Amino acid sequence: MTDRTSLQTALIHNDYRAPDGFSALPQAIHHASTVLFKDVASMRSRNWQDKNAYTYGLHGTPTTFTLEARLAAIEDGKHCVLAPSGLAAIALVDFAFLKSGDDVLIPDNVYNPNRELANWLQQDFGITARYYDPLIGSGIAGLIQPNTRLIWTEAPGSVSMEVPDLPAICQAAHAKGVLVALDNTWAAGLALRGFELGVDIIMQALTKYQSGGSDVLMGAVITQDKALNQRLETAHMRLGFGVAADDVYLVLRSLPTMKLRFEAHDAAARTVAAWLQARPEIAAVLHPALPECPGHAIWQRDFSGAGGLFSVVFDPRYSEAQTDRFVDSLQLFKIGFSWGGVHSLAVPYRMQHMRSNWPHQGQLVRLNIGLEDPQDLIADIEQAFKAMQA
Ligand SMILES: *Cc1c(COP(=O)(O)O)cnc(C)c1O
């Protein structure tokens, strides 16, 4: 900078460079839209798909590439693409692998916004979306059409908790050249080895256990296959699904404790679920580790643990007004969507509006078991049962 450089320019351009040699444990947060090139030739020769180099903030920074590599490692994947929410990650899979004229199969117990998106694709984008019984197993072969491109799975469905037979579905799908995508949010990539069971694409809502703080929205799509990843990267570039560096940092900060938190959620949820099972107010506890949960035997075969999320079905003698009063009376459990954070949450769902063949008469309430002492959570539920019946 010369003496004649104006103050205004000097406020923008300055020569200070941090010395090399700084070393600390946290990952640095790199904020960038613009990425600088040293000359035009290097700008022209750089490829946005090359993860060893940088082209534009949207296509990655050292911060996002670090999180992608760590998430891929957790799932035994090779590639990972981040998206600004779990739902955006679902959309990324749909846009990468479906086109007009294609058919997608979706489990009837799927995370509801996945269904909303699929219905929109059907209505306005020339794609057909059909729903299957999540317990269909190898019977899925009978639903596969020549134009079926993708089968979504979710293990277990995150409200009604049926556990699908992934190896059977994958075998039937692959016999006909159809891709299988798994929403692995419930098991956080820890308790279910999706690629070992045969799935091609794993999607996760990092909003849940990876964040763990109820403060970040983010998603990821993980693959082992380079060609599949390239389709995802291309869709990601075309859609402009950027993620914020500070949010990526929050996930990186939480990731080292995820397994310990997950195990604590699991243990607490099983304690609360077992207590609920013995209660006269409850007709069914839909927790995959309990025999009364549809698909329990598959959970035993394929999973090494359980998340903190499960549902209860009340005895039909309790009206919706009463079970609403139960939820309103809870003190430690808060009312709100999402899960995977340290706070316990409760949400009532109207299953008759969400499912084609819902077998239960009683009201369903979904519980996210946080990291409070489970005995305090049990005491809270017990007082809310009393309030419900008063
Ligand atoms: C929360 C959730 C999503 C979506 O994640 P968002 O970040 O909230 O968009 C997708 N699938 C499942 C199973 C979820 O629980």
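## A walk through two sheets and a ligand site

Start by selecting Pro348 and Val365: Val365, in S12, is the bridge partner of Pro348. Keep in mind as you click around that this is a predicted model.

**Stop 1: the five-stranded sheet**

Now widen the selection to residues 345–349, strand S11, and residues 364–368, strand S12. These two strands run antiparallel, and five bridges join them. They belong to an open sheet of five strands with mixed pairing, and if you walk across it the order is S8-S9-S12-S11-S10. Which strands stand at the edges? Pick S8 (282–286) and S10 (334–335): each has a single partner strand, so one side of each is left without a neighbour in the sheet.

Next, show residues 258–277, which make up helix H10. H10 packs on this sheet and touches S8, S9 (309–314) and S12. Turn the view until you can compare H10 with S9: their directions make an angle of about 10°.

Another helix to bring up here is H12, residues 320–329. Colour Gln322, Thr323, Phe326, Val327 and Ser329, which are buried. What do the buried residues of H12 pack against? They meet S9, S10, S11 and S12, plus helix H14 (374–389).

**Stop 2: Ser344**

Slide along to Ser344, in the loop between S10 and S11. Is Ser344 buried or exposed? Its relative accessibility is 0%, so Ser344 counts as buried; the cut-off for that label is under 20%. Display the side chains of Ser344 and Glu372 to find a polar contact of 2.7 Å between them. Then add the other residues that Ser344 touches, leaving aside those up to four places away in sequence: they include Leu332, Phe333, Lys334, Asn368, Ile369, Gly370 and Leu377.

**Stop 3: the seven-stranded sheet**

Time to move to the other sheet on our tour. Seven strands form this open sheet, in the order S1-S7-S6-S5-S4-S2-S3, and the pairing is mixed. At its edges are S1 and S3 (128–132), each pairing on one side only. Look along the sheet to see the twist, which averages 20° from one strand to the next.

Select residues 201–205 to pick out S6. Five of its five residues are buried, so S6 is largely enclosed by the rest of the structure. Here's a general rule to help you look: in a regular strand the side chains alternate between the two faces of the sheet. On one side of S6 you'll find Ile201, Met203 and Ala205, with Ile202 and Gln204 on the other, and both faces are covered.

Who are the partners of S6? S5 (residues 179–183) runs parallel to S6, joined by three bridges. Click Asp183 and then Met203 in S6, its bridge partner. Leu182 stands opposite Ile202 in S6. S7 (residues 219–223) pairs with S6 in the antiparallel sense over five bridges, and Thr223 in S7 is the bridge partner of Ile201.

Stay on Thr223, because it links up with S1 as well: Thr223 in S7 is also the bridge partner of His79. S1 and S7 pair in the antiparallel sense over five bridges. Highlight residues 79–83 for S1, which is mostly covered: five of its five residues are buried. His79, Val81 and Ala83 point one way, and Cys80 and Leu82 point the other way.

Before leaving, turn on helix H4, residues 86–97. H4 lies across S1, S4 (148–154), S5, S6 and S7, and runs at about 155° to S6.

**Stop 4: the ligand**

Finally, show the ligand and the 15 residues around it. Which of these residues come nearest? They are Gly86, Leu87, Asp183, Thr207 and Lys208. You've already met Asp183, the bridge partner of Met203. Zoom in on three side chains:

- Asp183 has a side-chain N or O atom 2.6 Å from a nitrogen atom of the ligand.
- Thr207 has a side-chain N or O atom 2.5 Å from an oxygen atom of the ligand.
- Lys208 has a polar side-chain atom 2.5 Å from an oxygen atom of the ligand.

Now switch on a surface. On its own, the ligand has 380 Å² of accessible area, and the protein covers 93% of it.

Definitions and conventions
Residues are numbered from 1 along each chain as its sequence is written. This is a predicted model: local features need pLDDT of at least 70, side-chain atom pairs count only at pLDDT 80 or more; totals for chains, interfaces and linings use all residues. Side-chain values use heavy atoms; hydrogens and water are left out. Two strands pair if DSSP finds at least two bridges between them. Helices (H or I, at least four residues) and strands (E, at least two) are DSSP runs, numbered from the N terminus. Contact means heavy atoms within 4.5 Å. Axes are lines fitted to C-alpha atoms, for helices over the stretch in contact, and angles run from 0 to 180 degrees between N-to-C directions. A residue is near a molecule or strand if one of its heavy atoms lies within 4 Å of it. A polar contact is a pair of N or O atoms within 3.5 Å; within protein, one must be able to donate a hydrogen and the other to accept it, and residues adjacent in sequence count only if both atoms are side-chain atoms. Accessible areas come from the Shrake-Rupley method with a 1.4 Å probe; for residues, only the protein chains shown count as cover. Buried means under 20% relative accessible area, exposed over 50%, partly exposed in between (1.4 Å probe, protein chains only).
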